[in-house]
Amino acid sequence: MNIYIGNDCHGRNWEEVAELLKHFGLSNASADDHRQAFENSYAVSFVYDGNEMIGIGRAISDGIFQAAIYNIAVTPRYHGLGIGRIIIEDLLGFVRHCNVILFTHPDKLEFYKHLGFRKMRTGLALYANEAKVEEMGFIE
Ligand SMILES: CC(C)(COP(=O)(O)OP(=O)(O)OC[C@H]1O[C@@H](n2cnc3c(N)ncnc32)[C@H](O)[C@@H]1OP(=O)(O)O)[C@@H](O)C(=O)NCCC(=O)NCCS
């Protein structure tokens, strides 16, 4: 592997970003909405093997106290090769001085716990699409 990490939004293929997130059922949003979300984020990670984008992630933050990680995804062919860890550690390099939260699919809880995240006892959320998230079993 010839790994390169890009930490800005210049020249990214937003169609590929949208496809990757859609592939895992993480989002159906348009390429342009993802572009805006990444551009408005505090830190972004785009991981490449040569010219191929193989993983992405982003963190929003106030830069001082609080941060949240979103849109972590690795191309299926590259799963289990340490790319997910690279993305999380890269993003944490920008926000580890903050409290860092994230929410994920129940299947992925162990991945994040393995990387040091702890389950919150008092996390609450006001979702944009509450019915869908409730149906998915993510909220009580
Ligand atoms: C979750 C995901 C990002 C993990 O990426 P990955 O590149 O396969 O993971 P890595 O190879 O970097 O794994 C890092 C470590 O976590 C461990 N790990 C990976 N998946 C795990 C799991 N489901 N449960 C427990 N540990 C796990 C690995 O064994 C590895 O341990 P090590 O570094 O001590 O050897 C990837 O599976 C993915 O893109 N899934 C689909 C999208 C998704 O669900 N994203 C999360 C939504 S927020």
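Across residues 1-139, the chain is 32% helix and 24% strand, with its end C-alpha atoms 39 Å apart. Keep in mind as you look around that this is a predicted model. The UniProt annotation, from an unreviewed entry, places a "domain: N-acetyltransferase" over that stretch, residues 1-139.

Now let's turn to the ligand. It is surrounded by 19 residues, and the closest of them are Val74, Gly82, Gly84, Arg85 and His114. If you sort the residues of this shell by character, you get nine nonpolar, six polar and four charged.

Which atoms meet the oxygen atoms of the ligand? On the backbone side, an N or O atom of Gly80 sits 2.8 Å from a ligand oxygen, and a polar backbone atom of Ile83 is 3.4 Å from an oxygen atom of the ligand. A side chain takes part as well: an N or O atom of the His114 side chain lies 2.7 Å from a ligand oxygen. As for how much of the ligand is covered, it exposes 940 Å² when taken alone, and the protein buries 72% of that area.

It also helps to see where the shell comes from along the chain. Two or more residues are supplied by each of strand S4 (66-74), helix H3 (83-95) and helix H4 (109-114). Of these, H4 gives the largest share, with four residues. You can place some familiar names on these elements: Val74 is among the closest residues and its number is the last in the range of S4, while His114, also one of the closest, carries the last number in the range of H4.

Terms used
Residues numbered from 1 in each chain as written. Predicted model: local features only at pLDDT ≥ 70, side-chain atom pairs only at ≥ 80, totals over all residues. Heavy atoms only, no water. UniProt positions renumbered as here; feature names shortened; annotations may be inferred. Near = heavy atom within 4 Å. Polar contact = N/O pair within 3.5 Å; in protein donor to acceptor, adjacent residues only side chain to side chain. Areas by Shrake-Rupley, 256 points an atom, 1.4 Å probe, with all protein chains shown as cover. Nonpolar A, V, L, I, M, F, W, Y, C, P; charged D, E, K, R; others polar.
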